[in-house]
Every structure is written in C-alpha cells, then in structure tokens.
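Please open the model in your viewer and keep the selection panel at hand. The stops below go from a pocket to the strands and then to a single residue.

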Amino acid sequence: MTRNLRMFILVEALLLLGTLYDIFKNIPLLICAVIAVFLIFISLEKKRPRSNTSSFTLVLGSIMLIFVLLSTMFFWLFLGFGIVFFVKTTKRAFPKAGKKFKNAPWNKKELVVVETTESTEKNGKKFKRQWLGNQRIGDSIYEWDDINITIFAGDTIIDLGNTLLPKDDNVVLMRKGFGKTRILVPVGTGVMLEHTTLSGKVTFETQKFELQNESVKIYSEHYDENNRKLKIITNVLAGDIEVIFV
C-alpha cells in the first residue's frame with residue numbers, strides 16, 4: 001500500500017467520523033438517520049416477502065439516509081477529497097484517460113483583473129459571484145476594495161499588477177474547493193500569505209512548501225517597512241497556490 005493511499009484512507013476515515021459526529025450532535029438529523037436505517041433494514045429482511053411496500057420502504061429509507069448525509073459538511077468534504085484523489089490517481093496511472101478530465105469544472109480558468117477608479121458608495125452594495133465555470137472579476141474599472149470570494153472549483157488568477165493599492169492594510173480572502181490559484185502582486189508591496197489546505201503546494205517568491213492538512217503563514221521581505229500591505233488569507237480543500245511579484 002503506497003503512502004498516498006494510506007493518507008487517503010486515513011483522511012476519508014476521519015471525514016466519516018466527522019460525518020457521524022455531525023449527525024449525533026444534531027438531534028433532528030439523528031432521528032432521521034435512525035428512521036432511515038430502520039426502514040432499510042425492514043425492507044431488506046429476508047424473512048419478509050418482496051412486495052411493492054417493501055420496495056417503497058427501501059427507496060424512502062435510502063432517500064432519507066442520503067438527505068441526512070448530504071446535510072453534513074464533513075460528508076461533502078468526504079466526497080470532494082475522494083473525487084480529487086481519484087482524478088489525480090487516474091492521471092498518473094493512465095495519462096491518456098486523464099485527458100478526459102480536461103473539461104472538468106476544476107480545470108476551468110478564471111481571471112480576476114483588478115483596477116481602480118474614483119471613490120464610490122460602498123454601503124449596501126450587492127453583487128453575485130459564480131461558483132463554477134469561467135468568470136472574470138473586475139473587467140470594468142472600479143475603486144479598489146478588499147476581495148472576498150468563494151469558489152467551488154476552477155483555476156483562478158487574481159491580477160493586481162496594474163493596481164495602485166492604498167497605503168493601508170488590504171485584504172484578499174478566498175475560500176475554495178478545488179483548483180490552482182495564482183496571485184499577481186505589484187513589486188514594492190508587503191505581502192502576508194496565510195494558507196490552509198488538505199493537500200497542495202505553496203510557491204511564494206523563492207520559497208516552496210508542500211502541505212498535507214496543514215497551514216502556513218509567510219511574510220515577504222521588508223514587510224513591516226512597506227507602506228502598502230496586502231494580506232492574503234486562503235482556505236482550500238485541494239489545490240496549489242502561487243504568489244508572484246510583477
């Protein structure tokens with residue numbers, strides 16, 4: 001058994017334990033789970049003859065159990081981590097088969113180009129962001145504001161290269177499921193990167209890290225002396241991140 005497979009089994013087992021914990025601490029979900037298991041059990045009991053009623057009971061119990069599992073955050077993590085491991089393993093073992101995944105959601109690209117303009121009203125501003133697919137944020141000129149995005153899957157590029165950041169603490173906050181992230185930062189900006197992931201690589205200037213269910217906090221050289229500072233806080237299930245100074 002390879003090291004990666006042992007790590008996969010360990011992580012999946014912990015996520016299943018987390019799923020059970022979520023169910024047991026939520027009384028309504030626990031009741032639904034008990035009812036679902038009971039319905040499935042009585043429908044599969046060998047002593048009972050097969051009938052439309054038993055088939056209906058089996059379907060109802062299965063639907064209830066699926067609903068209970070999908071209501072927990074840990075089960076979604078369980079599914080997501082399993083998909084990522086399957087795709088990566090397939091690409092390594094069968095390079096040709098891996099090409100079939102090139103159009104998968106996590107391989108789609110997203111470019112975030114940030115530009116600035118005069119001050120505008122911020123209070124109560126509403127906007128929507130897509131969770132999947134190609135997306136461009138900042139395709140028209142607008143005033144710099146802290147970036148807060150949530151993405152389920154896809155490759156993301158956040159380009160700050162043509163932006164004059166305010167002389168203050170600026171923040172980029174990103175929560176992401178799967179995919180690579182590249183952040184282009186103007187030279188002369190003090191950058192702090194705090195990155196958390198289950199699996200992925202971090203490239204920051206000349207420094208490189210490989211994380212497995214870990215967090216890392218990195219500061220650029222002369223961070224405290226720079227007038228313009230950028231704090232990048234990212235939480236990613238699986239994927240690489242790269243910070244490049246331009």
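Which helix and strands each supply at least two residues of the lining of the second largest pocket? In this predicted model, select helix H4 (73–93) together with strands E3 (147–153), E5 (169–178), E7 (190–204), E8 (207–219) and E9 (229–238), since each of these elements supplies at least two lining residues. Of the contributors, H4 gives the most, with 6 residues.

Next, centre the view on Met73, Leu77, Lys176, Gly177 and Leu237, which lie nearest the centre of the second largest pocket among the 22 residues that line it. The space in this pocket comes to about 550 Å³, and if you colour its lining by residue class you will find 12 nonpolar, 7 polar and 3 charged residues.

Now hide the helix and keep three of the strands, E3, E5 and E9. E5 pairs with E3 in the parallel sense over 6 bridges, and on that side Ile149 stands opposite Met174 in E5. E5 also pairs with E9, again in the parallel sense, over 9 bridges; here select Leu173, whose bridge partner in E9 is Ile233.

For the last stop, move to helix H1 (residues 3–25) and select Met7, which is found there. Is Met7 buried, exposed or partly exposed? Met7 is partly exposed, because its relative accessible area is 30%, and partly exposed residues fall between the cut-offs of 20% and 50%. Finally, add Gln212 to the selection and draw the C-alpha to C-alpha distance from Met7, which is 9.1 Å although the two residues are 205 residues apart in sequence.

Key. Residues numbered from 1 in each chain as written. Predicted model: local features only at pLDDT ≥ 70, side-chain atom pairs only at ≥ 80, totals over all residues. Heavy atoms only, no water. 1 Å grid on protein atoms, 1.4 Å probe; cavity = no way out; pocket = protein on both sides within 12 Å on 5 of 7 lines; lining within 4 Å. Points joined across faces, edges and corners; volume = space filled by probe spheres on them. Helix = DSSP H or I, 4+ residues; strand = E, 2+ residues; numbered from the N terminus. Nonpolar A, V, L, I, M, F, W, Y, C, P; charged D, E, K, R; others polar. Pairing = 2+ DSSP bridges. Buried < 20%, exposed > 50% of the residue type's maximum accessible area, 1.4 Å probe, protein only.
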